[in-house]
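Colleague: Could you walk me through the strands and charged pairs of this one? I'd like the reasoning along with each answer.

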Amino acid sequence: MWNWYYENGQIQLSGNFIQGEREGIWSSYSADGVLLTTSEYVNNKINGKHIEYDINGSIKEEHIYNEDVLLKRIKYWLFNYKGNGKDV
């Protein structure tokens with residue numbers, strides 16, 4: 001597992017390399033330690049899900065990739081108590 005850090009010591013990026021290429025799940029974080037994204041890599045290419053999270057840890061967007069090619073984008077909506085959709 002490889003980790004890159006912010007100056008404050010929080011992890012900024014975390015993931016694995018195999019033979020110099022990204023492999024497996026990679027995660028990025030805010031300087032406050034909040035998970036921002038997760039991506040699945042195979043042979044240094046996004047292959048599978050790339051997920052973006054909001055500051056509360058809920059999924060904001062989900063992207064499906066095949067060898068770095070975007071196949072599908074899913075955007076999630078939150079609804080407030082009046083039932084009005086709010087894009088987050």
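Modeller: Happy to! Keep in mind that this is a predicted model.

Colleague: Let's start with the strands, then. Which residue in β6 stands opposite E52?

Modeller: Strand β5 (residues 45-53) runs antiparallel to strand β6 (residues 59-66), with 6 bridges between them. The two strands form a hairpin with 5 residues between them, where G57 has a positive phi near 90°. Across this pairing, the residue opposite E52 is E61.

Colleague: And on the other side of the hairpin pair, which residue in β5 is the bridge partner of T38?

Modeller: Strand β4 (residues 35-42) pairs with β5 in the antiparallel sense over 5 bridges. Their hairpin has 2 residues between the strands, and N43 in the turn shows a positive phi of about 55°. The β5 partner of T38 is I51.

Colleague: Now the charges: is E62 buried or exposed?

Modeller: E62 makes a salt bridge to K49, with the closest N and O atoms 3.6 Å apart. That pair links strand β6 to strand β5, 13 residues apart in the chain. K49 is partly exposed at 37% relative accessibility. E62 has a relative accessibility of 9%, and the cut-off is under 20%, so E62 counts as buried.

Colleague: Which residues does the salt-bridge network join?

Modeller: E61 and R73 form a salt bridge, their closest N and O atoms being 2.9 Å apart. K75 also forms one with E61, at 3.8 Å between the closest N and O atoms. Because these salt bridges share partners, the network joins E61, R73 and K75.

Methods
Residues are numbered from 1 along each chain as its sequence is written. This is a predicted model: local features need pLDDT of at least 70, side-chain atom pairs count only at pLDDT 80 or more; totals for chains, interfaces and linings use all residues. Side-chain values use heavy atoms; hydrogens and water are left out. Two strands pair if DSSP finds at least two bridges between them. Helices (H or I, at least four residues) and strands (E, at least two) are DSSP runs, numbered from the N terminus. A salt bridge is a side-chain nitrogen of Lys or Arg within 4 Å of a carboxyl oxygen of Asp or Glu. Buried means under 20% relative accessible area, exposed over 50%, partly exposed in between (1.4 Å probe, protein chains only).
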